[in-house]
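Visitor: I am new to this structure. Please take me through one part of it closely, and then show me how that part sits in the whole.

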2 protein chains.
Amino acid sequence: MRKTFLFMDTVTNKVDSKGRVSLPAEYRTIAKEAGSEIVCYRSVSSPCIEGCLEDLLEKLAADIENATDFFSETQDELTNLIFGDAHRYCFDSTGRIMLSEKLLAHAQIKDSAVFVGKGRKFQIWNPENWAKEETRIRTAALQKRPTLTTSQGTTA
Amino acid sequence: MRKTFLFMDTVTNKVDSKGRVSLPAEYRTIAKEAGSEIVCYRSVSSPCIEGCLEDLLEKLAADIENATDFFSETQDELTNLIFGDAHRYCFDSTGRIMLSEKLLAHAQIKDSAVFVGKGRKFQIWNPENWAKEETRIRTAALQKRPTLTTSQGTTA
DNA sequence: TGGTATAGCATGGTATTTTATGGGATTCAA
DNA sequence: TTGAATCCCATAAAATACCATGCTATACCA
């Protein structure tokens, strides 16, 4: 039994004609061991699908409730935005989930999808878009390097 | 048995000539597993119907009682509105509920209804109105992004 | 170290179940 | 008895579970 549940690595899988994709085996293990389901939604800021464990959204729901009151406008908009888009994806015995048209369209995914680990979350990209995004991020990281190093002490 | 009971996703269902609508299957499952009934009322802030588990209204009532904020006149009035308006909607064996004229009129719903998940609650919209509302919220969210980031601890 | 056996995984295809929805039958009340 | 609300049945479409195959990576043994 592992202590931490982190989505990692980058895996490319095929999307078949019905929109089915194999969830990377590691991700499945995480979901099983955490006893939680995978939830996906459109990223607000990038042309990709974002996923996480249902637990995280549960926590988010609680946070929003505590931070704002029942009639708060912010709470209203936030919850619509996030939960209105999210969907539970239980994988079948072979480990596949079926992504909706809406999600696939948003990420411009056709027959191939790239899973990118992000720790508590992960993203699903169209392969070409991800290639571009990765070089963009890497370049940006090199320029910002001093800041990155001091603030986080990251290596990886 | 799931751990969390969150209303999610956005699904569009038809309202037939008798005023019947299928409650999304996920919502039904939640109601069943939570052992609570679905309650609906007119939103106090938007032209839509709002729904939740009876449990949540129970909690709201308790919160009001415990709130030593004796002078929250507004909240008091709002709760009057909600409890005065709320009604239990038990779905039949095929999973449908029958929304009242009052609710349908308030949300301007005719022959099609959009269910929008909000975590502990959900909303029911007229499709056109929801389309407008969604773009409005998404635009607003992008502008308010810094606020969003701190409350969620999001990176994206 | 090299080669082979084995287990796990991704993936195509098919079968089964669930779900939304139309239409009628039944019940209850005014 | 009429009107409305509820229940039940039927059907088509969509979602999901299951089976089978080929591949890959890992483990194992000589």
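Guide: Start with Leu6(B) and its partners. Setting aside neighbours within four places in sequence, Leu6(B) is in contact with Leu57(A), Glu58(A), Ala61(A), Phe83(A) and Gly119(B). This is a predicted model. Leu6(B) sits in the segment before β1 of chain B. Is Leu6(B) buried or exposed? Leu6(B) counts as buried, because 24 other C-beta atoms lie within 10 Å, and 20 or more is the cut-off for that word. Gly119(B) is 113 residues from Leu6(B) in sequence. In space, the C-alpha atoms of Leu6(B) and Gly119(B) are 4.5 Å apart.

Now cross to chain A. Helix α2 of chain A covers residues 54-67. Leu56(A) has its place in this helix. Leu56(A) is partly exposed, because it has 18 other C-beta atoms within 10 Å; buried would take 20 or more. Leu56(A) also has a distant partner in sequence, Arg120(A), 64 residues away. Their C-alpha atoms are 8.0 Å apart in space.

Phe83(A), one of the contacts of Leu6(B), leads to the next helix. Phe83(A) is among the buried residues of α3(A). The others are Asp76(A), Leu78(A), Thr79(A), Asn80(A), Leu81(A) and Ile82(A). What do these buried residues pack against? In chain A, they pack against β3 (38-42) and α2. In chain B, they pack against β7 and α5.

Take the meeting with α5(B) by itself. Two packed helices are described by the angle between their axes and the distance between the axes. Helix α3 of chain A spans residues 73-83. The angle between α3(A) and α5(B) is about 105°. Their axes lie 10 Å apart. α3(A) is therefore roughly perpendicular to α5(B), as angles from 65 to 115 degrees count as such. From α3(A) come Glu77(A), Asn80(A) and Leu81(A). They meet Ile137(B), Arg138(B), Ala140(B) and Ala141(B) of α5(B). By class, this helix contact has four nonpolar residues, one polar and two charged. Asn80(A) and Leu81(A) are in this contact, and both are also listed as buried.

Step back to the whole interface. Here 22 residues of chain B are in contact with 25 residues of chain A. Which elements of chain B give two or more residues to this side? They are β7 (112-117), α5 (127-143) and α6 (145-152). Helix α5(B) gives the most, with four residues. The chain B side has ten nonpolar, seven polar and five charged residues.

How do the two chains compare as copies? Chain B superposes on chain A with an RMSD of 0.9 Å. That takes a rotation of 33° and a shift of 7.7 Å along its axis. Yet the copies use different surfaces. Of the contact residues of chain B, 9% recur in chain A.

Now look at chain A as a fold. Chain A has six helices and eight strands. From the N terminus on, the order is β-β-α-β-β-α-α-β-β-α-β-β-α-α. Chain A has 156 residues, and 34% of them are buried. Among contacts in chain A with a separation of 6 or more, 61% join residues 24 or more positions apart.

Tyr89(A) gives one such view inside chain A. It lies in strand β5, residues 87-89. Tyr89(A) is buried, because it has 20 C-beta neighbours inside 10 Å. Beyond its neighbours within four places in sequence, Tyr89(A) is in contact with Ile38(A), Val39(A), Cys40(A) and Ile97(A). Cys40(A) is 49 residues from Tyr89(A) along the chain. Their C-alpha atoms are separated by 7.2 Å.

Last, the DNA. There are 18 residues around DNA strand C. Asn13(A), Ala25(A), Thr94(A), Asn13(B) and Ala25(B) come nearest. Two elements give two or more residues to this surface: β1 (10-14) of chain A and β1 (10-14) of chain B. By class, the surface near DNA strand C has four nonpolar, eight polar and six charged residues.

DNA strand D also has both chains around it. Residues from chain A include Lys18(A), Cys90(A) and Asp92(A). Residues from chain B include Lys18(B), Asp92(B) and Met98(B). The surface near DNA strand D divides into three nonpolar, four polar and four charged residues.

How values were computed: Residues numbered from 1 in each chain as written. Chains lettered and ligands numbered in written order. Predicted model: local features only at pLDDT ≥ 70, side-chain atom pairs only at ≥ 80, totals over all residues. Buried ≥ 20, exposed ≤ 12 C-beta atoms within 10 Å, placed from the backbone. Contact = placed C-beta atoms within 7 Å. Nonpolar A, V, L, I, M, F, W, Y, C, P; charged D, E, K, R; others polar. Near = placed C-beta within 6 Å. Axes fitted to C-alpha atoms, helices over the stretch in contact; angles between N-to-C directions. Parallel < 35°, antiparallel > 145°, perpendicular 65-115°, else oblique. Least-squares fit on C-alpha atoms with pLDDT ≥ 70 in both.
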